[in-house]
Amino acid sequence: MYHGHFGLSEAPFSLTPDTAFFFAHRSAQAALNTLLVALRSGEGFVKVVAEVGCGKTLLCRRLLAALSTDCDTAYIPNPALDSRTMLLAVCEELGVFPSEGGAHRVVKELERCLLERASAGRRVVLVIDEAQAIPDETVESLRLLSNLETEKRKLLQIVLFGQPELDARLARPHLRQLLQRITFAERLEPLCDEEVGAYVDHRLQVAGAEAELFGDEAVLELSRASGGVPRLINVIAHKALMVAFGEG
């Protein structure tokens, strides 16, 4: 729509989580560093929590991209699944297709796959987005999956990305066994005022902009109106460009 008017090659403020636009602000970089260190040290469960719109899914995809060369990954974006369906989804992500049978048969097939990957020197990481939506029964299945291990290492590492409701759920007494297994946890925070301008400039540059489009006062107003939440920054900045284009 306004790409040619502003000299852009693509939409700079799309809501689609594109890793090309990943902005390593302080909180996002700290969370990514923690995730990489925790996974490379063999931890079983890791958790990242953030409010809606703060970039969980983009960070999740950035993590998957960073892990792609040295381990095998399974990604579950919509985990509101019963226990057996979750196990089957993990199997499918890893290229395992169990024959007919109950949950026990599925777990045995998955364990065989994980042992083969471990023997080949491959680590396996399961990444679950929107983890606050996992049913309690399925949470328990994931905990039991984390028990799969050799004498030296975990066969499966699990990363949970979720909204703050995830913390509230894990604090319930009947889920305390899983909570105790989370050895690293990070919280993804909104951008501070100084980061908003850098975030806007970064996205514009990735989209091909050669000139500054948002002045200092506009950035301050954008920061105030959005509260530093990246999704809201994108929505408002997109509409600002539309208005500017419409007015010539």
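Axes here are lines fitted to C-alpha atoms, for helices over the stretch in contact, and angles run from 0 to 180 degrees between N-to-C directions. The structure described below is a predicted model, and the report takes up its helix pairs before turning to its pocket and its cavity.

**Helix packing**

Helix 4, which covers residues 83–93, packs against helix 5, residues 103–119, at an angle of about 25°, and the two axes lie 10 Å apart. Helix 4 is therefore roughly parallel to helix 5, since angles under 35 degrees count as roughly parallel. The crossing of this pair is left-handed. On the side of helix 4 the contact is made by R84, L87, L88, V90 and C91, and on the side of helix 5 by A103, V106, V107 and L110. Sorted by class, the contact of helix 4 with helix 5 has eight nonpolar residues, no polar residues and one charged residue.

Helix 4 also meets helix 6, and here the axes come within 8 Å and cross at roughly 45°. That angle makes helix 4 oblique to helix 6, and the crossing in which helix 4 passes helix 6 is right-handed. The residues in contact are S83, M86 and L87 of helix 4 together with E137, T138, S141, L142 and L145 of helix 6. The contact of helix 4 with helix 6 has four nonpolar, three polar and one charged residues. L87 is thus listed in the contact with helix 5 and is listed again in the contact with helix 6.

Helix 9 and helix 10, the latter formed by residues 216–226, pack at an angle of about 115°, with their axes 9 Å apart. These two helices are therefore roughly perpendicular to each other, and helix 9 passes helix 10 in a right-handed crossing. Helix 9 contributes D193, V196, G197 and V200 to the contact, while helix 10 contributes V219, L222 and S223. By class, this contact has four nonpolar, two polar and one charged residues.

The geometry of the three pairs is set out in the table.

| Helix pair | Angle | Axes | Crossing |
|---|---|---|---|
| Helix 4 and helix 5 | about 25° | 10 Å apart | left-handed |
| Helix 4 and helix 6 | roughly 45° | within 8 Å | right-handed |
| Helix 9 and helix 10 | about 115° | 9 Å apart | right-handed |

**The largest pocket**

The largest pocket has a volume of about 410 Å³. It is lined by 25 residues, of which G53, C54, G55, K56 and L58 are the closest to its centre. Two or more lining residues come from each of helix 3 (56–67), helix 9 (193–206) and helix 11 (230–246), and the largest share, four residues, is given by helix 3. Helix 9 thus takes part in the lining of this pocket as well as packing against helix 10. By class, the pocket lining has 12 nonpolar, eight polar and five charged residues.

**The largest cavity**

A search of the whole structure finds one cavity of 30 Å³ or more, and the volume of the largest cavity is about 60 Å³. Its lining is made up of A131, I134, V139, L142, L160, L166, R169, L170, L175 and L178. Helix 6 (136–145) and helix 7 (165–170) each supply at least two of these lining residues, with the largest share, three residues, coming from helix 7. By class, the cavity lining has nine nonpolar residues, no polar residues and one charged residue. L142 belongs to this lining, and L142 of helix 6 is also among the residues in contact with helix 4.

Terms used:
Residues numbered from 1 in each chain as written. Predicted model: local features only at pLDDT ≥ 70, side-chain atom pairs only at ≥ 80, totals over all residues. Heavy atoms only, no water. Parallel < 35°, antiparallel > 145°, perpendicular 65-115°, else oblique. Left-handed = near helix turned anticlockwise from the far one by under 90°. Contact = heavy atoms within 4.5 Å. Nonpolar A, V, L, I, M, F, W, Y, C, P; charged D, E, K, R; others polar. 1 Å grid on protein atoms, 1.4 Å probe; cavity = no way out; pocket = protein on both sides within 12 Å on 5 of 7 lines; lining within 4 Å. Points joined across faces, edges and corners; volume = space filled by probe spheres on them.
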